[in-house]
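I opened a new structure today and kept notes as I went. The entries are in the order in which I looked things up.

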Amino acid sequence: MKPNTRILNYVTLVQDGVLTLDDVPQDIAKEVTKWVRYLSGVTDNGMVKDDAPAPKTMPTNSASNNGALLPKGGE
(Lines give C-alpha, C1' and ligand atoms only; values in the text may rest on other atoms or scores of the structure.)
Protein backbone atom coordinates (compact mmCIF):
# COMPACT_ATOMS: atom_id res chain seq x y z
CA MET A 1 0.00 0.00 0.00
CA LYS A 2 1.30 3.46 -0.88
CA PRO A 3 1.59 6.07 1.86
CA ASN A 4 -0.47 9.23 1.60
CA THR A 5 0.95 12.76 1.65
CA ARG A 6 0.35 13.25 5.38
CA ILE A 7 2.34 10.11 6.24
CA LEU A 8 5.16 11.07 3.87
CA ASN A 9 5.34 14.54 5.41
CA TYR A 10 5.79 13.06 8.88
CA VAL A 11 8.33 10.52 7.57
CA THR A 12 10.35 13.39 6.12
CA LEU A 13 10.22 15.34 9.39
CA VAL A 14 11.37 12.29 11.36
CA GLN A 15 14.21 11.56 8.92
CA ASP A 16 15.36 15.20 9.06
CA GLY A 17 15.41 15.08 12.86
CA VAL A 18 12.76 17.77 13.26
CA LEU A 19 10.40 15.32 15.02
CA THR A 20 10.76 11.98 16.75
CA LEU A 21 8.39 9.06 16.32
CA ASP A 22 6.93 9.95 19.72
CA ASP A 23 5.80 13.32 18.28
CA VAL A 24 3.79 11.75 15.44
CA PRO A 25 -0.02 11.69 15.94
CA GLN A 26 -1.28 8.33 17.23
CA ASP A 27 -3.62 7.71 14.29
CA ILE A 28 -0.71 7.45 11.82
CA ALA A 29 2.20 6.51 14.12
CA LYS A 30 2.22 2.86 13.03
CA GLU A 31 2.32 3.71 9.33
CA VAL A 32 4.98 6.40 9.79
CA THR A 33 7.13 3.95 11.78
CA LYS A 34 6.72 1.34 9.03
CA TRP A 35 7.79 3.76 6.28
CA VAL A 36 10.67 5.24 8.26
CA ARG A 37 12.00 1.71 8.84
CA TYR A 38 11.45 0.75 5.18
CA LEU A 39 13.16 3.85 3.79
CA SER A 40 16.10 3.50 6.19
CA GLY A 41 16.74 -0.05 4.98
CA VAL A 42 15.68 -2.02 8.06
CA THR A 43 14.74 -5.46 6.79
CA ASP A 44 14.02 -7.46 9.95
CA ASN A 45 11.67 -7.03 12.87
CA GLY A 46 14.42 -7.26 15.46
CA MET A 47 15.88 -4.40 17.38
CA VAL A 48 17.44 -1.65 15.32
CA LYS A 49 21.14 -1.46 16.04
CA ASP A 50 22.77 1.86 16.75
CA ASP A 51 24.99 2.94 13.84
CA ALA A 52 26.53 5.83 15.75
CA PRO A 53 30.25 6.23 15.12
CA ALA A 54 32.57 4.85 17.76
CA PRO A 55 34.02 7.41 20.16
CA LYS A 56 37.43 8.73 19.20
CA THR A 57 40.33 7.67 21.37
CA MET A 58 43.44 9.62 22.17
CA PRO A 59 46.62 8.36 20.49
CA THR A 60 49.15 6.80 22.80
CA ASN A 61 52.90 6.99 22.73
CA SER A 62 54.21 4.02 20.82
CA ALA A 63 57.14 2.93 18.72
CA SER A 64 55.66 4.73 15.73
CA ASN A 65 56.35 8.15 17.27
CA ASN A 66 59.48 7.06 19.21
CA GLY A 67 58.04 8.16 22.54
CA ALA A 68 57.86 11.84 21.51
CA LEU A 69 54.87 13.78 22.72
CA LEU A 70 52.33 14.66 20.10
CA PRO A 71 52.17 18.38 19.19
CA LYS A 72 49.27 20.46 20.44
CA GLY A 73 46.77 21.77 17.92
CA GLY A 74 47.91 24.83 16.00
CA GLU A 75 51.64 24.22 16.46
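The notes below go from the whole chain to its helices and then to one loop residue.

Entry 1, the model. I noted before anything else that this is a predicted model.

Entry 2, the chain. I looked up the secondary structure and found two helices and zero strands. The chain has 75 residues, and I read that 13% of them are buried. I then turned to contacts between residues at least 6 apart in sequence; 26% of these join residues at least 24 apart.

Entry 3, helix H2. I checked the length of H2, which has 12 residues. From its first C-alpha to its last I got 16 Å, close to the 16 Å expected at 1.5 Å a residue. Which residues of H2 are buried? I listed Ala29, Val32, Trp35 and Val36. Viewed down the helix axis, these buried residues fall within an arc of 130 degrees, so I put them down as lining one face of H2. I added a general reminder to myself: an α-helix has 3.6 residues a turn, so residues three or four places apart point the same way. On the other side of H2 I found Lys30 and Tyr38, which are exposed. I also looked just past the end of H2, where glycine 41 takes a positive phi of about 90 degrees.

Entry 4, the packing of H1 and H2. What do the buried residues of H2 pack against? They pack against H1. I looked up the geometry of the pair next: H1 and H2 pack at an angle of about 55 degrees, and their axes are 9 Å apart. An angle between 35 and 65 degrees counts as oblique, and I therefore recorded H1 and H2 as oblique to each other. The crossing of H1 and H2 is right-handed. On the H1 side, the contact is made by Ile7, Tyr10, Val11, Val14 and Gln15. On the H2 side I wrote down Glu31, Val32, Trp35, Val36 and Leu39. Val32, Trp35 and Val36 are also in my list of buried residues.

Entry 5, threonine 20. Where does threonine 20 lie? I found threonine 20 in the loop between helix H1, residues 5-15, and helix H2, residues 29-40. Is threonine 20 buried, exposed or partly exposed? Its relative accessibility is 42%, so I entered threonine 20 as partly exposed. Last, I took the C-alpha separation of threonine 20 and tyrosine 10, which is 9.4 Å. These two residues are 10 residues apart along the chain.

Definitions and conventions: Residues are numbered from 1 along each chain as its sequence is written. This is a predicted model: local features need pLDDT of at least 70, side-chain atom pairs count only at pLDDT 80 or more; totals for chains, interfaces and linings use all residues. Side-chain values use heavy atoms; hydrogens and water are left out. Buried means under 20% relative accessible area, exposed over 50%, partly exposed in between (1.4 Å probe, protein chains only). The expected span of a helix is 1.5 Å times one less than its number of residues. The arc is that of the directions from the helix axis to the C-beta atoms. Contact means heavy atoms within 4.5 Å. Axes are lines fitted to C-alpha atoms, for helices over the stretch in contact, and angles run from 0 to 180 degrees between N-to-C directions. Angles under 35 degrees count as roughly parallel, over 145 as roughly antiparallel, 65 to 115 as roughly perpendicular and the rest as oblique. A crossing is left-handed if the near helix is turned anticlockwise from the far one by less than a right angle, and right-handed if clockwise.
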